[in-house]
Amino acid sequence: MKISRRKMLKISAGTGAALLLSELPVFAQQPPLLMRLIPSSGEGIPVVGLGSARTFNVGPPTSEWLGLSDVVELFHEMGGRFFDTAPSYGTSEKVAGQIVRELGIEDDLFFATKISTGGGRQAGIDQEEGSHQSWGRDTIDLNQVHNLRDVDTHLRTIRQAKEEGRTRYVGVTTSFARQYQRMEQVLRIEELDFVQLNYSLGEREAAERLLPLAQDRGLGVVVNEPYNVGRLFGAVRGRELPDWAAEFDCRSWGQFFLKYILAHPAVTVIIPATSDPEHLVDNMGAGVGRLPDERTRTRMEELFDGLT
Ligand SMILES: NC(=O)c1ccc[n+]([C@@H]2O[C@H](COP(=O)([O-])OP(=O)(O)OC[C@H]3O[C@@H](n4cnc5c(N)ncnc54)[C@H](OP(=O)(O)O)[C@@H]3O)[C@@H](O)[C@H]2O)c1
């Protein structure tokens, strides 16, 4: 994992971050991020991606953008590629698009977005065109029907874009257990490349049926809300990381939560969101080194359940 000295100094100076100063040189010497293959194509993808739902939903350019730009630049320098956004995340898609274009890395990133409208076919097509404009790209890597909303209509739009070379992969998303039954039906009948769903130590229902089904159907799996929207940190506040976390190269609670997910064999990429460069470095660290085995995952569940 390479990080330029210039970048280290810039970020460290900008944030005054003690963690960054101490952690970045360590990460710079570590092996590259783990990769997983997208089942439908065999293309490799680094396992830690970046979400953007709330974090990039900010107003016009201010100093807040500098931190977000640092997050994206560090993500890219540390080998991250998969960036998840949506036109329905307020300003997130446009802000992220402007930042990646200013950094000149729009073609390096794996651009994942969504169609999220109940306004019918033309409204979905308009969203798709807006996503191209936001990122200044002719091609969207992955377009997903957001929360299964009007799924038949928007899958047709995304498939047509794929046939015409404007989209590379087709997917569907949810982050609600109440949609799992419907999601199961969709995964069984539709030809898809990816499913995106919520899965974390705090919300493990997806492992019961959806993750095994995704494996059976040969789908890539994107995991959203890997920190259960940050709630997992509340459960461990003031608690020491157990000594045995070192057995799978885990150095923080963040990495504990993310490595638990990455060790599931169905998972292709996780998309933790952050607006904080220190947290970004922490999150990327989950994608290097060993992962917990099955017995250790059970131990992690027992520890977590004992806290909540
Ligand atoms: N249906 C869907 O398609 C759907 C639904 C939900 C989410 N998503 C996607 O999934 C992404 C991730 O989900 P999410 O944003 O809801 O929640 P999340 O990634 O589970 O949690 C984000 C929260 O964790 C904090 N955090 C991140 N890294 C941390 C670290 N190392 N240490 C301490 N705190 C840390 C962040 O705060 P800081 O900013 O302070 O780091 C933020 O408050 C979204 O952004 C979106 O792209 C998709």
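Reader: Let's start with the largest pocket. What volume does it have?

Author: Happy to. This is a predicted model, and in it the largest pocket has a volume of about 740 Å³. A list of lining residues helps you place it: there are 33 of them, and R54, E225, V229, P272 and A273 are the closest to the centre.

Reader: Which elements give two or more residues to that lining?

Author: Two helices do: helix 10 (253–262) and helix 11 (277–285). Helix 11 supplies the largest share, three residues.

Reader: And how does the lining of the largest pocket divide by class?

Author: Counting by class gives a quick view of the chemistry: 17 polar residues, 11 nonpolar and five charged.

Reader: Next, the strands. Is strand 6 largely enclosed or open?

Author: Burial is the thing to check, and a residue counts as buried under 20% relative accessible area. In strand 6 (residues 167–173), six of the seven residues are buried, so the strand is largely enclosed by the rest of the structure.

Reader: Which strands pair with strand 6, and in what sense?

Author: Look for the bridges. Strand 5 (residues 140–145) pairs with strand 6 in the parallel sense over five bridges, and L142 has Y169 of strand 6 as its bridge partner. Strand 7 (residues 194–198) also pairs with strand 6 in the parallel sense, over three bridges; here V172 is matched with V195 of strand 7.

Reader: How does the chain get from strand 5 to strand 6, and what is the handedness?

Author: Follow the path through the helix. From strand 5 the chain passes through helix 6 (residues 151–163) to strand 6, a right-handed β-α-β crossover. Strand 6, helix 7 (residues 180–189) and strand 7 form a right-handed β-α-β unit too.

Reader: Now the rings. How many aromatic pairs are there in the whole structure?

Author: A search finds 18. For any pair, read the distance between centres and then the angle between planes. Y199 and Y260 have ring centres 6.0 Å apart and planes at 40 degrees, so this pair is tilted. Y199 sits in the loop between strand 7 and helix 8 (210–216) and Y260 in helix 10, so the pair links parts of the chain 61 residues apart.

Reader: Are Y199 and Y260 buried or exposed?

Author: Y199 is buried, at 1% relative accessible area, and Y260 is buried at 0%. Another tilted pair is Y227 with F233, at 4.6 Å centre to centre and 55 degrees between the planes. There, Y227 is buried at 7%, whereas F233 is partly exposed at 31%.

Reader: Which aromatic cluster holds Y227 and F233?

Author: They belong to one cluster that also includes W244, F248, W253, F256, F257 and F304.

Definitions and conventions. Residues are numbered from 1 along each chain as its sequence is written. This is a predicted model: local features need pLDDT of at least 70, side-chain atom pairs count only at pLDDT 80 or more; totals for chains, interfaces and linings use all residues. Side-chain values use heavy atoms; hydrogens and water are left out. On a 1 Å grid over the protein atoms alone, a cavity is a set of points where a 1.4 Å probe fits but cannot get out, and a pocket is an open set with protein on both sides within 12 Å along at least five of seven lines; lining residues have an atom within 4 Å of a point. Grid points are joined across faces, edges and corners, and a volume is the space filled by probe spheres set on the points. Helices (H or I, at least four residues) and strands (E, at least two) are DSSP runs, numbered from the N terminus. Ala, Val, Leu, Ile, Met, Phe, Trp, Tyr, Cys and Pro count as nonpolar, Asp, Glu, Lys and Arg as charged, and the others, Gly among them, as polar. Buried means under 20% relative accessible area, exposed over 50%, partly exposed in between (1.4 Å probe, protein chains only). Two strands pair if DSSP finds at least two bridges between them. A crossover is right-handed if, with the strands pointing away from the viewer, the path from the first strand over the helix to the second runs clockwise. Rings of Phe, Tyr and Trp (its six-membered ring) pair if their centres lie within 6.5 Å; planes under 30 degrees apart count as stacked, over 60 as edge-to-face and the rest as tilted.
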